[in-house]
Every structure is written in C-alpha cells, then in structure tokens.
Amino acid sequence: MTFNTIGFVGLGLIGGSVAKSIKRVHPEITIVGYNRNQEVLKEAVRDGVIDITSDDSLEAFRECDLIFLCVPVVTALDFMDRLRHIKKESAILTDVGSVKTGIHKYVEEEGLTDCFIGGHPMAGSEKTGYANSSDRLIENAWYILTPAGDVDVHIISDLSTLISSMGALPLIMTYEEHDHVTAAISHLPHVISASLVNLVHDQDGPEHYMKLIAAGGFRDITRISSSSPQMWQEICLDNPDNICAMMDAYISKLIDYRLAIRNENAEELLNIFTQCKDYRDSFDTEPRGSLPGEHRIYVDIADEPGAIAQIATMLAMHNISIKNIGIVHNREFEQGVLRIVFYEKDAKESAIRVLEDRNYYVHKE
Ligand code: NAD
C-alpha cells in the first residue's frame, strides 16, 4: 500500500516530530493535520510540514491512507470513534501511545481489527509540544508496532518500511508483550525515579544539603522525573497490572538487597554488583538495530487473516524481536510465503527452532 496522504491528529512533541520526519524524507506525501490549538497548526503550515489543515469536523481526513493519532490515549479513542465514520475503508489508523492494551481492547470491541496498527516510538524528551518537536527525534529509536489481529500483512510491512525510511527501528510485537516489556524498562524506572526524588525531598534537612550536592549518579537516574506528570499519570492508569507486577518483583529485590546489607554479607553484595555491572555493560557492546545486517527467513503460511498474529505472538512469547514481516509474491516458492526479518542472527536461529517445532516449513537463506 502506498501512503500518498497521511493525517495527523495532534501536533505535539511526538505528532510534530513524526510529521516533520515524514516530510523530510518524503516531501511528495501530502500531510493533513488537526490540532486543538490553531496557532500550532498555522505554524506547522508555515514550516511546510502540514499541507492541508482540518477543522473540528475532521472532514479533511477523508482522503488519508494512514492516520496517526498523536494525542493522549483517552483522547485517541474519541478521535478513533469519529474518524472511523469519516476515513476511507482502506485507511489505516495508528497511534503513538506509551501503553497499548487499552486501545487494542477498544479496537477489538469496536471491530476495527483490520485497520489498526498500534505504534510507540521509543523516543521523547522532558519537553512537550510542537515547539520542541524535531525531524530527527525518532531517528535511531526503536519504534514498536503492535498490529491488531486482522490487518493485512502487506500493510504492516508498508508501515514498517515507512518507519525505517525515517531512520527509526521498527519492531513488531503483540500489544501484551509491549505492555509487559515497557513496564520493566520504562514505566517502573519512572516510578522508581519519582520515589527517589520525593524521598530526597522528604529526607532533606533545612539546609537542603541533599538537593545542593545531588550530582552525577542521582541526576542521571532521576532525569526522567522532569517529564510530563499528566503523561505519567495516564501511563500508570493504563498499565496498572504490568506495572504492579514489576513493582512487586522490584520490592522483593530491594528486600533481598536490604538483607544482604543488613547481614553484612560481603559475598552476596559483590555478586549483586558484579551481576548488574556485567549485564549493564553488555547493553553498550551489543549492537543496536541500525548496525547489524538483516537476517531473513521465509515461512510457508496460508495467506489469511490471523496467520501473522499467530506467528508474531509465538515469536514474542520466546522474546524474539521482529524487524519486518511481509508476504512475498513474486517468488520461487509455490505457496503463500511470509518473509520475516530479524535484527540479529541469534533471533533468526531461535525463530527457526520455534517455528519448526510447531511444524511450520521454514526456507532458510
Ligand atoms: P504533547 O503534549 O506534546 O502533545 C499532545 C497533543 O495532543 C497536542 O497536540 C495537544 O494539543 C493534543 N491534545 C491533548 N488533549 C487533547 C484533546 N482533549 N483534544 C484534542 N487534542 C488534544 O504530548 P506528546 O509527548 O506528543 O504525547 C502524545 C502521545 O505520545 C501520548 O499518548 C504519549 O503517551 C505518547 N508518547 C510520548 C512520549 C514522550 O516522551 N513525550 C514518547 C512516546 C510516546
């Protein structure tokens, strides 16, 4: 599917950044924009980012092939409800929300599973609004896609390709996996950061020495506490089960560590800090998605709705990251063949094992 006309509802930090990135790479694409604040819309037109503005009727979105919902999640549901009656039948809706379960449940309840692909660019800043958006914000950032169950696999592939073209790193997973993973690496850290900052606030004496000398490490691990309180309130309200499960696991770790310190268990303390150093150091040496080459496999499948969701779920359950996925048409294979692209060789090999164990026929390169 070619996205000739792309719409944006909400031109804040993320909406503005994605729209600017698309315009930078694909100036030929027509961009339709709606924003609550009219001044921002005018600015985006002046910047050459928006070609057509929409009023509150949203009629201007009728011609869009793809519509990005870049407003808070609750608001995105309202817009989705209105746009479903306006958009052309083939148009795809995508969002940028930090939590995916709520919007996917809504999509399932409302029968929109053939036209919704959840999205989450893992980029941001402590600042919000169009004024802080940039055509490079999402460059080299993971951009997670969570396709609903009945979306045509070619469309998933096209959206993935659009995202790659902006320099971001698409990663396809189920919405459940997304909310589990982000609870650990994004939501829990935010809660911990907030608790640390508030702890220091409560514990500091009248001279405010703690605040005065808060330096290096403390500043680094609490930087994220300066981001939008409203957004983090929304994230906690949207992903409570996963966040609480991670908090329980974290509290139990803290209790273990407290015990090791209380008991002056030197060996255990060294183990704790050695293990975390080794694992943390490996983050910097393992290549990010942009660096390694692509690793592909081809899998025979029936070209029917749900087939891709089954495979994506299966691979996600084994923590295997998918970069892109698509049906191959002009090929030497006889049946429907799904091309799956991975970032890493190990992921490709694990996927072959998982799929072959379940009797899929895998063509290897
Ligand atoms: P932002 O405040 O910069 O922009 C929000 C946009 O939504 C603005 O255009 C605002 O006018 C519009 N908006 C808000 N309420 C509205 C309403 N009731 N009606 C119409 N428009 C309304 O915020 P952002 O950082 O761009 O966040 C937008 C989405 O992106 C959120 O869902 C957030 O979860 C997600 N996200 C944010 C980050 C980040 O770090 N900021 C990262 C990834 C994803």
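In the predicted model, the shell around the ligand comprises eleven nonpolar residues, eleven polar residues and one charged residue. Of the 23 residues in this environment, the nearest are Leu-13, Ile-14, Asn-35, Ser-98 and Gly-129. Three elements of secondary structure, namely helix H1 (13-25), helix H3 (73-83) and strand S6 (116-121), each contribute at least two residues to the shell.

Polar contacts to the ligand involve both backbone and side-chain atoms of the protein. An oxygen atom of the ligand is found 2.6 Å from a backbone N or O atom of Gly-129. For Ile-14, a backbone N or O atom is placed 2.9 Å from an oxygen atom of the ligand. The side chain of Arg-36 has an N or O atom at 3.5 Å from a nitrogen atom of the ligand. On its own, the ligand has 830 Å² of accessible area, of which 82% is covered by the protein.

The loop between strand S1 (5-9) and H1 contains Gly-10. With a relative accessible area of 6%, Gly-10 falls under the 20% limit and is therefore buried. Its C-alpha atom is separated by 26 Å from that of Glu-177, a residue 167 positions away along the chain.

The structure contains 13 salt bridges. In one of them, the side chains of Arg-24 and Glu-139 meet at an N to O distance of 4.0 Å. Because Arg-24 belongs to helix H1 and Glu-139 to the loop between S6 and S7, this pair ties together parts that lie 115 residues apart in sequence. Both partners are partly exposed, Arg-24 at 28% relative accessibility and Glu-139 at 30%. Glu-139 also forms a salt bridge with Arg-136, in which the closest N and O atoms are 2.9 Å apart. Arg-136 is likewise partly exposed, with a relative accessible area of 44%. Through shared partners, salt bridges join Arg-24, Asp-135, Arg-136 and Glu-139 into one network.

A further salt bridge links the side chains of Arg-62 and Glu-59, with an N to O distance of 2.8 Å. The relative accessibility of Arg-62 is 38%, so this residue counts as partly exposed. Glu-59, at 39%, is also classed as partly exposed.

Backbone conformation was examined next. Most residues other than glycine have a negative phi. Leu-58, by contrast, has a positive phi, near 65°. This residue is placed in the loop between strand S3 (52-53) and strand S4 (66-69), and its relative accessible area of 0% makes Leu-58 buried. A positive phi near 65° is also found for Asn-140, which is located in the loop between S6 and strand S7 (142-147). With a relative accessible area of 38%, Asn-140 is partly exposed.

At the protein surface, Tyr-209, Leu-212 and Ile-213 make a nonpolar patch of about 390 Å². Leu-212 is part of helix H7 (residues 209-213). The relative accessibility of Leu-212 is 64%, and this residue therefore counts as exposed, the threshold for that class being over 50%.

Note on methods:
Residues are numbered from 1 along each chain as its sequence is written. This is a predicted model: local features need pLDDT of at least 70, side-chain atom pairs count only at pLDDT 80 or more; totals for chains, interfaces and linings use all residues. Side-chain values use heavy atoms; hydrogens and water are left out. A residue is near a molecule or strand if one of its heavy atoms lies within 4 Å of it. A polar contact is a pair of N or O atoms within 3.5 Å; within protein, one must be able to donate a hydrogen and the other to accept it, and residues adjacent in sequence count only if both atoms are side-chain atoms. Accessible areas come from the Shrake-Rupley method with a 1.4 Å probe; for residues, only the protein chains shown count as cover. Helices (H or I, at least four residues) and strands (E, at least two) are DSSP runs, numbered from the N terminus. Ala, Val, Leu, Ile, Met, Phe, Trp, Tyr, Cys and Pro count as nonpolar, Asp, Glu, Lys and Arg as charged, and the others, Gly among them, as polar. Patches are made of residues with over 30% relative accessible area and no salt bridge: like charges are joined within 9 Å, nonpolar side chains (Val, Leu, Ile, Met, Phe, Trp, Tyr) within 5 Å. Buried means under 20% relative accessible area, exposed over 50%, partly exposed in between (1.4 Å probe, protein chains only).
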